[in-house]
Structure formats: structure tokens, C-alpha cells
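Me: Please take a close look at one single part of this structure and explain what you find there in connected sentences. I am in my first year, so please give me the meaning of each term when you use it.

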Amino acid sequence: MRGTGSYLLGSALLAFLPSAANAFYLPGAAPHNYEQREPVNVYVNALTPMLTGKDNSKLKSLINYDYYNPQFHFCAPSGGAQGQPESLGSILFGDRIFTSPYDIQMLEANGTCQMLCTADIPGEDAKFINERIREDYALNWLVDGLPAAEMKKDMKTGDLFFDMGFNLGDDDNDVPYLNNHYEIVLRYHEPSPGVYRVVGVLVWPSSRGGSQEETSTPNCDVEVPQLRLSENESNNVRYTYRVTWDKSDTPWATRWDNYLHIFDPRIHWFSLINSIIIVVFLCVMVAMILWRTVSRDISRYNAIDLSEDVQEDWGWKLVHGEVFRAPRYPMVLSVMVGNGAQLCAMCAVTLVFALLGFLSPSNRGSLATVMMVCWTLFGGIGGYYSSRIYASLGGVDNRKNAFLTATILPTLVFIVIFLLNFFLLIAGSSGAVPFSTMLLIVVLWFGISAPLSSIGSYIGSRQGGVSHPVRVNQIPRQIPPAPRHLRPWASALLAGILPFGAAFVELYFVMSSLFASRAYYAFGFLALTAGVVALTTGTVTILFTYFNLCAEEYRWHWRAFLTGGGSAFWILAYGLFYWLSRLSLDSLSSVTLYLGYLFLICLFDFIVTGTIGFLASYWAVRRLYSAIRVD
């Protein structure tokens, strides 16, 4: 499915997405065996904006439209189009699938030009269609679970692949021409005599002007000028199509290989190797600091003869009586850490399912559905971590902590999603998530996840807080001025460069998938990159926390969370750069939608990476101060 407004809406709601594998198939899925003359149904999906094949092309809209929007005047089946059942994830990603009037039977009417219908398009609707052609909108069909595509060639590798969707029209010469003829090539495989399976769907659209009168035997080969719709008068348009059956050696099990194309996989490998080098460098640096500096300090501290006079402490031991002092706003910090742990678990389990092949692209919306289910069922993890951190920080209002953990972040996300959905409705996009689906998500969250979060909070509060190796002084110690590079925002920006740099190249492909109509299925690269980013975030946050303690700055809790989440600020900056370089959004609705999606992506990244940084620092600080002997 192309990247569209509703596609992005689902992506932002479900947090992040999304190996170069040959095919993903849900265990138990079976192919459809056709017999000769058996009907082959063509289903139509929403129209979505797409990127053209030019190097300097930009995405011009984030709004998608229903195929049977009255302004398009596409041919409808007799008796009206029938909507097809869709999963929750499919709806969130913008699928709106209906039946079509195309009469196609297995191995019948091969190469025969057929007329579909004629449509009368008023000048006002012609203007609407011409605007969509200028914005490079694409049609999306489905045949036997496969998307209709255009065959293209990767100019870097020379490989042929199927680019999902095909153009509504052509405006290469700044003049919009409507495509009203479709050359449909259906590739089929014959595993046994008399049994046929669809393994590929290709469509070559073209614009055919000339006489648009209805006729039973149209001629699709005669040379005619292109069809241009007049915006000042009514237009008569005749839609025609021709089906060609092409026998293929591709078996049904690998029919998705041509669709799941990874552009220039060498870039992915270079990015991954670069990320691994960064994380190895960081791990070695942290290990050297812990082994040489910290070990030497611990040995020196523990070698002090306790019978001597009072010894003067130095370095990070000076703040041993302050390091576990409760920070400001412990409730807010614990709630954010709890929600971050829940999101981390959701991302990890979803990536595992994707790597194991359980998320089949033929099962539309399976990725989104699994993410939503995992996010809902892992409410207990969020409640558990939130309550234990809250107790460790000296909190006593456990009921309020449990309530805020289960409600504050989902409420914020749902408010933003409802606002973005409102802009989709204003723009006339059929991709706006129906109110009933939004209500279902709210019920799913507050009916399942919230109770699970409460159970997790109860278990965590019963276990109590984490024990600290040193006591907290009654009188807080004065904090000297910190160096500029250790101030909160400076350290967040400096520390965020490394995780962002580790994921920079892969982030481009993810952003292209979400915003620029490019399919992304490199879950193996994504999983490895996510692991590298997690390690990088943890190690660099430990490093900055150690520097802060050495500078006698013991207020490390919020600083660790902010330092860990520093990559979100760079993602925000990159998102703005991506907007200027790869998008050309003219409407207020598209701009608002893009900024709203970008805000949610940065928010989720900040919470996830901030949680990783905080938990890593908490572990390191406890290990550090449990290794010394304090009077």
C-alpha cells in the first residue's frame, strides 16, 4: 500500500515501524487454485500519492481518496460496489477495498480489447482529476492478494522489480492527461495440469483520446492522441482494458519476491557496518573508563584505613550521599519510564514476529495489528516498571501512579490522532479512520491495557522499590557550576548524535516508506539497527552520567532520561530537512498532517530511547556505588 495520510496516521499511532527475505507467509496460508474460465476478481483500493521515478521528484500530498469518490467517476459494478472486510491494522493503514466491474476469467479473452464503461465528467470534476494527476496520484488494485504494479528497473543494480500502484494520469509535459486504458498482464503458474495460480499482476496504463463513443468492439491498437479533460465543459470518457495471460515459472511461494525489492542493499550494509563500528567504539570506551578509571578509584577508596583521621573524598565519591536522592517530579519520570518499557517490549516482539516470517504482506495490515495487540497486552509491563521506579524514587501515591501510567500517554496520543483525523475529514480524504474504529481502539486500550497496567502496578508496588547501596544525606550538598558540555540540553544534543548517526541511513528508508510511498520490508536490517541504537544509547548515557557524577552533579535521573532521548531532537531536525528536500506540500492539511506525524514519531523515540538511557544509567550507578565502602 502506498504511503498516504491514513497510512501515516496508523504508523504514527503504532509508533515505529518498520530482512531482506525472499517471502513472508503466515503459516497455514494456502494458495487459491483456479480452473480455466473461473472468475478472477479485481478489487480496487484507495488512490494514493506517489513518487515518480525522477531523482528530484517530491511527494506533493499526504491525502488519499476513495476509489469510488464521486468526483473521479470511475466505473462501478452493477448493483454498486461492495466493501470488503478488513483487519484493524488494514483500516489504520488506509486500506479501503471494494469490488470492481472488471470481468476477468482464468485464461479467457487473452489479448482482447474490452470496453468497461463510459463516464460523463463535468468541468468541475475534471479540474479535481487534473489536480490529482499533477500531484502524481496512483491507482491501487488487488488480484488474488497481489497488488497491481508497474514493472521498473533499478538503475543502480539493474534488477527488475514490481513497483506497486500505477499512475492515474500523465503530466510529464505539464499538461495533465487521464489514463483511461489499462493493459493488464496476469502472470500465472501451473503446478499441475488444469490447476492455475496467479503469481504476478502488472498494469500499463495509457491515455487514449479520440472518439469516446460507447462501442462493443473497441480498438486498443489504433494510434490516437492523449485524453485531456476540459475544465470548462463536460467530458465524455470511455474506459477500456485488455487482459494478457503470461505463463510463468515463478511458484506461488515466491511470488512476492518481485514486489519486496530493496533499493541498493549495499547502502544498508554500509550503514549497518558503520553503526556496529560506532557501538563497538562506545562499548570499548565505556569498558576502559569502568576498568581503568573507576576500578582505580574504587581500589583507592577502599584502601583507606578506616582507623585514620577523616579522609577527604574526591571525584564521584563526593556525592555518594546525594546520588540516590529523589529527583524532582518522580511521578512524571516513573510514568514515562513505564510507558517507554511498554513501547520497547512492543517493538522487540513485533520485530521478532517479522523476522520469523509471521507477518505476511499478503495478509494486509498484519504488521499494524500485531503492533496494536502487543502494545495493548504489554500494559502490565508498563505498570510494573512504573510502580517499581516510582517506589525506588520515594513515591508513596501508588494509585495515582497506576492511573497516570495507564492513561496519560494514550490520552495524549489519541487527542493528537483525533485532531489529525479531523484534518483528514476536512480535506475530504476517505482515508480518515472511521469513528467506530477509533472508538474500538479506545475501548481496546482502556478495556484491556489499562486493567493489565493496573495489575502490573500492583505487582510492582508489592515488590517495592529497588534497594540502594548507600544512604542519602539529610542535608543536600551544594552543586558547583557544571561545564557547558554537561548542561542538560547540551549533553542531550551531543549524546543524541551517536544513536542518530548509527541509524541515519536506515532512517531515510523508513521515512521514505512512511512519507514517500516506498515499500519497506528490510526487517533484518531494521532489527540489527534497532539493537545497535539501543546499545549506543545505553553506553553513551552511562558515559555522560559518569561525567556528571565526576563533576559533582548528582541530579542524574532526569539528565539520563534527557540524554538517552537526545536522538529524538536530531530526528525532528532530520524530519524538517526531509520535508524541505523530499516533500512539496502545498495544502495546509498536508502540512499539518506531516508535522503531526513527525511530532508523534519524535515523541515515541524520545520516550523509548530515554527509557533505555535511564535504566542503563540506573544499573550503572547502582553497580558503581555498591562497589565502594562508605563510612
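Reply: Let us begin with one cysteine, C220, which counts as buried because its relative accessibility is 8%, where buried means under 20% relative accessible area, exposed means over 50% and partly exposed lies in between, found with a 1.4 Å probe on protein chains only. Please keep in mind that this is a predicted model, in which local features need pLDDT of at least 70 and side-chain atom pairs count only at pLDDT 80 or more, while totals for chains, interfaces and linings use all residues. Residues are numbered from 1 along each chain as its sequence is written, and side-chain values use heavy atoms, with hydrogens and water left out.

The partner of C220 is C113, and the two form a disulfide with their sulfur atoms 1.5 Å apart; a pair of cysteine sulfur atoms is called a disulfide here if they are within 2.5 Å. This disulfide is right-handed, because the torsion about the S-S bond of C113 and C220 is about 50 degrees. The pair links distant parts of the chain, since C113 is in strand β4 while C220 is in the loop between β14 (195-206) and β15 (235-247), 107 residues apart. Strands (E, at least two residues) and helices (H or I, at least four) are DSSP runs, numbered from the N terminus. Like C220, C113 counts as buried, in this case because its relative accessibility is 13%.

The structure holds two disulfides, and the other pair is C75 and C117, whose sulfur atoms are 1.7 Å apart. With -80 degrees about the S-S bond, the link of C75 and C117 is left-handed. C75 lies in the loop between β2 (48-49) and α2 (88-92), and C117 lies in strand β4 (residues 113-121), so this pair ties together parts that are 42 residues apart in sequence. Both C75 and C117 are buried. If the bonded cysteines are counted along the chain, the disulfides follow the pattern 1-3, 2-4.

Other cysteines are worth a look beside these pairs. The closest cysteine sulfur to that of C347 is in C344, at 6.8 Å, which is too far for a bond. C347 is nevertheless buried, with a relative accessible area of 19%, and C602 also counts as buried, at 9% relative accessibility.
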